[in-house]
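Biologist: I would like to learn how to read contacts and packing in a model. Please take me through one case.

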Amino acid sequence: MKHSTRSSALRRLASVAAAGAVVAAALVGCSSSGNGAGGSSTDVNAALKEGGTITYWTWTPAAKAQVAAFEKAYPKVHVKLVNAGTNTTEYTKLQNAVKAGKGAPDVAQVEYYALPQFALSDSLVDLKQFGFDKLKKDFSVGPWGNVNVQGKLVGLPQDSGPMAMFYNKTVFDKYGISVPTTWAEYVDAAKKLHTADPNAYITSDSGDPGFATSMIWQAGGHPFKVDGTKVTINLQDSGTKKFTSVWNELVENKLLSQTPGWTDDWYKGLGNGDIATLITGAWMPGVLESSVPQASGQWAVAPIPTYDGKAVNAENGGSSEVVMKQSKNQALAAGFLKWLNDSKQSVDIFVKSGGGFPSTVADQNSDSFLNQAPAYFAGQKINKVLVDGAKNVLPGWQYLPYEVYANSIFADTVGQSYSSATSLDSGLENWQKQLISYGNQQGFTVKAGS
Amino acid sequence: MTSATTTTPTDASTRRTDASARRAGGIRRPMGAVGRRRPAARPRRNIVLTIVMALFVVYSFVPLAWLLINATKTQGDLFSTFGLGFGHHFALFQNIAETFTYKDGIFLHWFGNTLLYVVVGAGGATLLATLAGYGLAKFAFRGRRAVFAVVLGAIAVPGTALAVPTFLLFSQIGLTNTPWAIILPSLISPFGLYLVWTFAIDAVPTEVLEAARMDGASELRTFFTISLKLLAPGIVTVLLFAIVATWNNYFLPLIMLSDPTWYPLTVGLSQWSAQATGVGAQPIFNLVITGSLLTIVPIVVAFLFLQRYWQSGLAAGSVKS
């Protein structure tokens, strides 16, 4: 559900150009780090005291209030807040700035799936030099794993997206459907619902790369293995096949709504019961509350269904903030970043704004957070379910170092299987073939795994 | 629209082009002549063509109707009512007010940016194209054929393909994220130059220029007092093309600008639309739709005002190419 699959030709062109830049930079090798390089935790404190101006690129709605609070706490620091675009738009600009050698901000928001791309082009500061690796205990497992790329700490987690099942309880009750706990039960529920009301679907999925990779992750798959510039891709490994064996049944029997995510029709479906569940990240409640008010009191949260009853989970969506190597004041940027994502004051503002699900352990486990019982969810203590889910996230997942490009061609490959209601496996094989040839063109050594 | 012009040769500007072409000894006859050969013939009705035309009208107007209707809805109504029907509340004025005030009135700011890019960019492009096209058409000098080849080649390269190299170039000289990054590339209009060039060959008779020179007028004076007036339909055509291109410019500002305070409307609206996606999504579809409607109003007005020049200018261009 995370990444929009609307693939405009222009955006494609932009991401191709951007990805080309990644590897070009990667192959040049480790260039010397930027001007303000070096430093320790004492440098960070000194920089915060001394002050200065930094630029921060983000599209998080909470950013304005966070920056205001930061500037109040550190009056000598001025943060220039810029919304340079949402996800892929921002990445294109960031990548262009990296390639051009100037124009990048000091601190930038980057989603987890896009981190390896920027990490590999050596455009991010390794935060270990400021001693930030000691912050490990502050963050939950999933997001902390995501910000550690190839032995470097390339960012600090902003929010996380341990998956859960959001379902419209009113619709479930109306048709006497019990809440599924396994994927087999989920498929049965899909059939029962669609037979009872031909307009209603268990969920909408017309081919979303973020969703598919998260589902493969939850099924225990490791389709992408990255070691430096050596990449192995196997989109037919046992985990991937486990996912497609369930999802093919929904695709081939046309049990999925084809309404693309994040469109007006999609919001409409969430509001009138035509889309009965969402398998997505724990950040979804804020979106439902603010943007689907007509369904207030109808939605509920349950753990993500499993394959064999044993609880396992994956992450979907979520962002980190990074310090760019181009930054002229890396210590100050790092100081701001630490306050932004690891101070109670900032995370509280973030969570209250409905902007997302925290990735800090302290905030996840605070009583006030766990005992929230929003009226939107009919008084259910949803955070207990969501926090439990965060503990079961499988470790060791890797994204491709050109995941942004990979996602942009998902609709042309796997999306074909969705639209023709045929097995996803042939689409996935096609995706793999294109990813291998693209990766090799870009200077990676990409092989098909077995 | 164009067919109406050809069958009614009373249109002043068409006649003028026609006449000037003959005076210049042109062999090719402009479009007005086609109608003149059979002046009494009424256009025959063709049912198939009428149906195709009707379908095309529907095709063109449905999106516009959708835009108009949906600009009157609240976001709640957008999510709950039929797309081509009105909602429960008539919220057009409320939407307009909200569009202008959302995020401290950033929409008006973007509107101003777009105006700046259009006035300086499209205006400058027209001025340069007129001067260059006229010069190439009316002065013989070495290398004219080379210029011709370069201009034709430049028309063939789509602006989108040049965007990334232009970005890297501008980045080196520190112009990205400034209005110049949008204005400078907009100033170059090879197509406009070509249009003025071909138009000027026949619209400005060489005899007239020679007469003016004999009377002792300077080249500049000749240009401003005689040639400019004869070129008017061509200039307006180029101006309209340039205005539309600059007004709708999306990809170039998208990659050149990272600071929203310099965004034109196109990029700004797309940012509003992207707000509906992902973690912390804040959809404002009603404002995106109302904003889009407000964005096309000035273009519609520009067309209505300059329409008659546009027609004759288009006809002139099409015959010469």
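Biologist: How many residues does each chain put into the contact between chain A and chain B?

Modeller: Two residues are in contact if their C-beta atoms, placed from the backbone, lie within 7 Å. Here chain B contributes 28 residues and chain A 41 residues. This is a predicted model: local features need pLDDT of at least 70 and side-chain atom pairs pLDDT 80 or more, while totals for chains, interfaces and linings use all residues. Residues are numbered from 1 along each chain as its sequence is written, with chains lettered from A and ligands numbered from 1 in the order in which they are written.

Biologist: Which element of chain B gives the most to the side that touches chain A?

Modeller: Helices (H or I, at least four residues) and strands (E, at least two) are DSSP runs, numbered from the N terminus. Helix 8 of chain B gives the most, five residues.

Biologist: At what angle do helix 10 and helix 12 of chain B pack?

Modeller: Axes are lines fitted to C-alpha atoms, for helices over the stretch in contact, and angles run from 0 to 180 degrees between N-to-C directions. Helix 10 (residues 190–203) and helix 12 (residues 219–247) of chain B pack at about 165 degrees, their axes 9 Å apart. That makes helix 10 of chain B roughly antiparallel to helix 12 of chain B (under 35 degrees is roughly parallel, over 145 roughly antiparallel, 65 to 115 roughly perpendicular, the rest oblique).

Biologist: How many helices and strands does chain A have?

Modeller: Chain A has 20 helices and 15 strands. Its C-alpha atoms fill a box of roughly 65 × 50 × 35 Å along the principal axes.
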